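Please work through the exercises below with the sequence and the coordinates open beside you, and try each task before reading its solution.

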Amino acid sequence: MTVHILVPMDRSPMAKRALEHAVSLHPDAEVTVLYVIDYIEESYSARALVGTDELRERADERATELFEAAAEIADGHGVEIETRTAVGDPSREIVAFADDHDIDQIVIGSHGRSPMSRILLGSVAETVTRRAPVPVTVVR
């Protein structure tokens, strides 16, 4: 039985490390890289200035760049990856994807925030760890 690993990706170095970890430790696994488009990151003023369509195009461009970088990492280990996008709150979308797609493990990068900012802002990795229906490896 093939193990199915989900690696949520953003533009952080920790996300790249998480993918490196997943493909190096599990070279025979099925690996899905998920990029969650979070329009909350974009301010209301940005939406007003450039419009929702422009924001979607920018998000698609970021996803393409991110998936190209992810493919390079995977190719370096001789592993093929599947890439997917979702739109919404990152922690909710990651957990939902894992639940809906028979994921066996999530490998996620830690953003390394200070304890105070974690209290104030929350942490995607922390929320995923608490809510995921499968084991979660947090890579620092």
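The exercises that follow concern a predicted model, and they move from the overall fold to salt bridges and then to a single loop residue.

**Exercise 1. Describe the secondary structure of the protein and the order in which its elements occur.**

Solution. Begin with the inventory, which for this protein consists of six helices and five strands. Next, follow the chain along its sequence, where these elements appear in the pattern β-α-β-α-α-β-α-β-α-α-β.

**Exercise 2. Characterise the burial, the contacts and the surface of the protein.**

Solution. Start with burial: of the 140 residues in the protein, 41% are buried. Turn then to the contacts with a separation of 6 or more, of which 74% are made by residues 24 or more positions apart. Finally, consider the surface, since the protein has an accessible surface of about 8,100 Å², with 49% of that area belonging to carbon and sulfur atoms.

**Exercise 3. Find the salt bridges, and decide for each partner whether the residue is buried, partly exposed or exposed.**

Solution. The search looks for a side-chain nitrogen of Lys or Arg within 4 Å of a carboxyl oxygen of Asp or Glu, and it yields two salt bridges.

The pair D60 and R56 forms a salt bridge with an N to O distance of 3.3 Å. Both residues belong to helix α3, which spans residues 52–76, and they are four residues apart, about one turn of the helix. Because the partly exposed class lies between 20% and 50% relative accessible area, D60 with 34% falls into it, and R56 with 33% is likewise partly exposed.

The other pair is R84 and E82, whose side chains meet in a salt bridge at 3.3 Å, again taken from N to O. R84 has a relative accessible area of 31% and is therefore partly exposed, while E82, at 32%, also counts as partly exposed.

**Exercise 4. Locate P27 in the chain, classify its exposure, and compare its separation from A74 in sequence with that in space.**

Solution. First place the residue: P27 sits in the loop that links α1 (13–25) to β2 (30–37). Then apply the same cut-offs of 20% and 50%; the relative accessibility of P27 is 45%, so P27 is partly exposed. Lastly, set the two separations side by side: P27 and A74 lie 47 residues apart in sequence, whereas their C-alpha atoms are 9.2 Å apart in space.

How values were computed. Residues numbered from 1 in each chain as written. Predicted model: local features only at pLDDT ≥ 70, side-chain atom pairs only at ≥ 80, totals over all residues. Heavy atoms only, no water. Helix = DSSP H or I, 4+ residues; strand = E, 2+ residues; numbered from the N terminus. Buried < 20%, exposed > 50% of the residue type's maximum accessible area, 1.4 Å probe, protein only. Contact = heavy atoms within 4.5 Å. Areas by Shrake-Rupley, 256 points an atom, 1.4 Å probe, with all protein chains shown as cover.
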